[in-house]
Amino acid sequence: MMAIMYRAVTRQIEVTVEPNFVPEQSSADRSRYFWAYTVVITNSGDETVQLKTRHWIITDATGRQQEVKGEGVVGEQPTLAPGERFEYTSGVPLTTASGFMTGRYQMVSATGERFEIDVPTFSLDSPDNKRVLN
C-alpha cells in the first residue's frame, strides 16, 4: 500500500503528515483501529520560530469528534531556525475503520509574536475499510 502525504503551508512554515495504519495494534473484533502518523515541520521563512501548543480535532467514521489540546508535540516545544525541520511520529486509535484528523500549532516568533499554522487535514483509512466512490 502506497503512503499518502498531506501538506499545508502557513507563513512559510510547511507541515507534512504521512499516516500509516498499524494492523498489529488494531483489532476489528474489538473495534480498535490504530494509525501512526509522521509529521515534518519545515521552517522555510527567514525568522526563528518555536512550536508552543497543538490543537487536534479527530473525527471517526460516525462523525464523533474528539479534541486534543496541549503543550508542544511528543513532549517537546521545538525551536526552528530558518531552514531547519523537526520530525516526529505519534499515533491515534479510533473505534471505526476510518476517520480523519485536522489541527493547528501555535507558534511564537523570535520577536514574541504568536500565530497559528495549519496542519493539513489527513485521512485515516484501514485497508479493510470498503470505499464507495460516487
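Biologist: Let's start with valine 40: at its relative accessibility, does it count as buried or exposed?

Modeller: Valine 40 comes out at 12% relative accessibility, so it counts as buried, the cut-off being under 20%. Bear in mind that this is a predicted model.

Biologist: Where is valine 40 placed, and which residues is it in contact with once its neighbours within four places in sequence are left aside?

Modeller: Valine 40 sits in strand β3. Setting those close neighbours aside, its contacts are Glu14, Val15 and Thr16, plus Arg85, Phe86 and Glu87. You can also look at how sequence separation compares with distance in space. Arginine 7 is 33 residues away from valine 40 along the chain, yet their C-alpha atoms are 9.5 Å apart.

Biologist: And how far apart are the C-alpha atoms of proline 23 and leucine 51?

Modeller: That pair is separated by 31 Å, with the two positions 28 residues apart along the chain. Proline 23 belongs to the loop between β2 and β3, and its relative accessible area is 49%, which means partly exposed.

Biologist: Stepping back, how many helices and strands does the protein chain have?

Modeller: Zero helices and nine strands, so to speak a run of β after β from the N terminus on. The C-alpha trace spans about 50 × 30 × 25 Å along its principal axes. Of the 134 residues, 40% count as buried. The chain exposes about 7,700 Å², and carbon and sulfur atoms supply 47% of that area.

Biologist: What share of the contacts joins residues at least 24 apart in sequence?

Modeller: Take the contacts between residues at least 6 apart: 62% of them join residues at least 24 apart.

Biologist: What about the inside: which residues touch the most other members of the largest nonpolar core?

Modeller: The general idea is that nonpolar side chains tend to be buried together in soluble globular proteins. Here, the largest nonpolar core has 29 residues, and Trp56, Tyr105 and Phe122 touch the most other members. Strands β2, β3, β4, β7, β8 and β9 each supply at least two residues of this core. Try clicking on phenylalanine 122. Beyond its neighbours within four places in sequence, it contacts Tyr6, Val17, Pro19, Tyr37, Trp56, Gly99, Phe100 and Met101.

Biologist: Now the second largest pocket: how much space lies in it, and which residues lie nearest its centre?

Modeller: About 180 Å³ of space lies there. The lining is made of 14 residues, with Tyr37, Trp56, Val68, Ser90 and Gly91 nearest the centre. By class, you get 10 nonpolar, three polar and one charged.

Biologist: Which strand gives the most to that lining?

Modeller: β7, with five residues. Strands β4 (49-60), β5 (65-71) and β7 (85-94) each supply at least two.

Biologist: Last one: which value of phi do glutamine 12 and serine 31 have?

Modeller: For glutamine 12, phi is near 65 degrees, a positive value in a residue other than glycine. Serine 31 also has a positive phi, near 50 degrees, and again it is a residue other than glycine. Glutamine 12 lies in the loop between β1 and β2, and serine 31 in the loop between β2 and β3.

Biologist: And why do these two count as partly exposed?

Modeller: Partly exposed covers what falls between buried, under 20%, and exposed, over 50%. Glutamine 12 has 48% relative accessibility, so it fits that class. Serine 31, with a relative accessible area of 37%, is therefore partly exposed too.

Technical notes: Residues are numbered from 1 along each chain as its sequence is written. This is a predicted model: local features need pLDDT of at least 70, side-chain atom pairs count only at pLDDT 80 or more; totals for chains, interfaces and linings use all residues. Side-chain values use heavy atoms; hydrogens and water are left out. On a 1 Å grid over the protein atoms alone, a cavity is a set of points where a 1.4 Å probe fits but cannot get out, and a pocket is an open set with protein on both sides within 12 Å along at least five of seven lines; lining residues have an atom within 4 Å of a point. Grid points are joined across faces, edges and corners, and a volume is the space filled by probe spheres set on the points. Helices (H or I, at least four residues) and strands (E, at least two) are DSSP runs, numbered from the N terminus. Ala, Val, Leu, Ile, Met, Phe, Trp, Tyr, Cys and Pro count as nonpolar, Asp, Glu, Lys and Arg as charged, and the others, Gly among them, as polar. A nonpolar core is a set of buried Ala, Val, Leu, Ile, Met, Phe, Trp, Tyr and Cys residues joined through side-chain atoms within 4.5 Å. Buried means under 20% relative accessible area, exposed over 50%, partly exposed in between (1.4 Å probe, protein chains only). Contact means heavy atoms within 4.5 Å. Accessible areas come from the Shrake-Rupley method with a 1.4 Å probe; for residues, only the protein chains shown count as cover.
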